[in-house]
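Colleague: Could you walk me through one strand of this model up close, with its partners and what lies around them? Please spell out the cut-offs as you go.

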Amino acid sequence: MYIALGVLLFIVGTMLIWFNISYSPVKKQFQNDIAALLAENQLSVDNKIFTEKDFSHLPTAIQKYIENCGYIETQKMSYLKMEYNNVDFLQGRNGPALTIDYTQYNFINEPCRIAFIDSSMFGIPFEGYDYYQNGTGGMKGVIAKAITLFHQTGADMDKACLATFLAESLFAPTILLQDYITFEEISEFEVRATISREGQTASGIFTFNEQYEMISFSTNDRAARGTDGSIEYIPWSALCSDYQLSENGIKYPTKFQAVWNYPDGDFVYFDGVISEVSYGYVQ
């Protein structure tokens with residue numbers, strides 16, 4: 001009995017050490033992928049500074065957004081990094097609630113987005129890895145740093161990830177100048193955007209308030225996946241609010257919500273505060 005108890009205590013102790021060290025295979029993969037993408041996705045342009053002329057062909061609402069948020073005369077970026085801390089995150093309408101830290105990179109030369117989720121469930125580490133690269137998107141969840149709970153892939157996921165990249169394009173305006181994205185003015189405060197890459201197309205509508213702050217992006221091109229593996233196309237919205245002037249002179253929203261707009265009511269599954277926005281710049 002004492003031997004069995006000793007073995008059990010050893011296993012528990014080993015697990016606790018494993019759970020509490022900073023290393024994890026998922027985090028290491030994320031860091032390695034970031035390093036490779038930073039080396040591969042260098043963007044070069046003749047004029048490295050944003051001018052009003054750069055955006056003159058775009059709908060008026062976007063031009064005013066760019067001007068009012070302070071991007072004119074700032075340096076063009078080659079990638080975007082956004083960080084969230086202590087996000088309220090729900091895994092499905094009947095799923096568990098988590099508090100997560102979320103770090104993402106959006107690369108511009110080619111539509112590419114990868115993000116790392118850091119959390120825990122009942123004291124056990126839970127990590128997630130969202131990715132879209134070379135036209136392929138996916139979402140992976142890992143518990144205890146070693147056990148894959150889910151890994152969602154497929155054409156529907158490719159399209160959903162492309163739509164997410166589009167939703168965040170106004171936070172890195174170099175994206176707006178690329179040939180893979182187009183815009184159509186709907187009204188004074190609404191613009192339809194369409195992005196195409198690797199045989200996939202996604203579109204959605206940006207809505208601005210009277211200060212020309214982008215307050216929402218809505219699309220029908222994201223599929224909601226049930227725990228049983230079912231796929232259902234539900235309207236999806238990204239909501240932005242509480243714009244504040246940052247140290248770099250650019251005005252950003254500080255609050256962000258991701259919402260499934262179900263027929264019987266909205267489901268806010270990601271409710272967070274943007275803690276930091278930073279960029280890598282063109283060469």
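Modeller: Let's start with a pair of residues facing each other across two strands: Cys240 has Phe256, in S14, as its bridge partner. This is a predicted model, so to speak of local features we ask for pLDDT of at least 70, and side-chain atom pairs count only at pLDDT 80 or more, while totals for chains, interfaces and linings use all residues. Residues are numbered from 1 along each chain as its sequence is written, and side-chain values use heavy atoms, with hydrogens and water left out.

S14 covers residues 251-262; strands here are DSSP runs of E with at least two residues, helices are runs of H or I with at least four, and both are numbered from the N terminus. Ten of the twelve residues in S14 are buried, that is, under 20% relative accessible area with a 1.4 Å probe, protein chains only.

On one side, S14 runs antiparallel to S13 (residues 236-245), with nine bridges joining the two; strands pair if DSSP finds at least two bridges between them. Five residues separate S13 and S14 in a hairpin, and Gly249 in that turn has a positive phi of about 85°.

S14 also pairs with S15 (residues 265-281), again antiparallel, over eight bridges. That hairpin has just two residues between its strands, and Tyr262 stands opposite Gly265 of S15.

Now for Phe270. Skipping neighbours within four places in sequence, Phe270 is in contact (heavy atoms within 4.5 Å) with Phe256, Gln257 and Ala258, and also with Tyr84, Val87, Asp88, Phe89, Ile100 and Tyr102. Phe256 therefore turns up twice: as the bridge partner of Cys240 and, by the 4.5 Å cut-off for contact, on the list for Phe270.

Phe270 is also one of the residues with the most contacts inside the largest nonpolar core, alongside Tyr65, Tyr71, Phe208, Met214 and Tyr279. That core has 67 residues; a core is a set of buried Ala, Val, Leu, Ile, Met, Phe, Trp, Tyr and Cys residues joined through side-chain atoms within 4.5 Å. Its largest share, seven residues, comes from helix H4 (residues 155-167). Apart from it lies another core, of 13 residues, including Val26 and Tyr129.

H4 also holds Asp158, which counts as buried because its relative accessibility is 13%. Beyond four places in sequence, Asp158 is in contact with Tyr132, Gly135, Thr136, Gly137 and Gln200.

Conventions: Buried means under 20% relative accessible area, exposed over 50%, partly exposed in between (1.4 Å probe, protein chains only).
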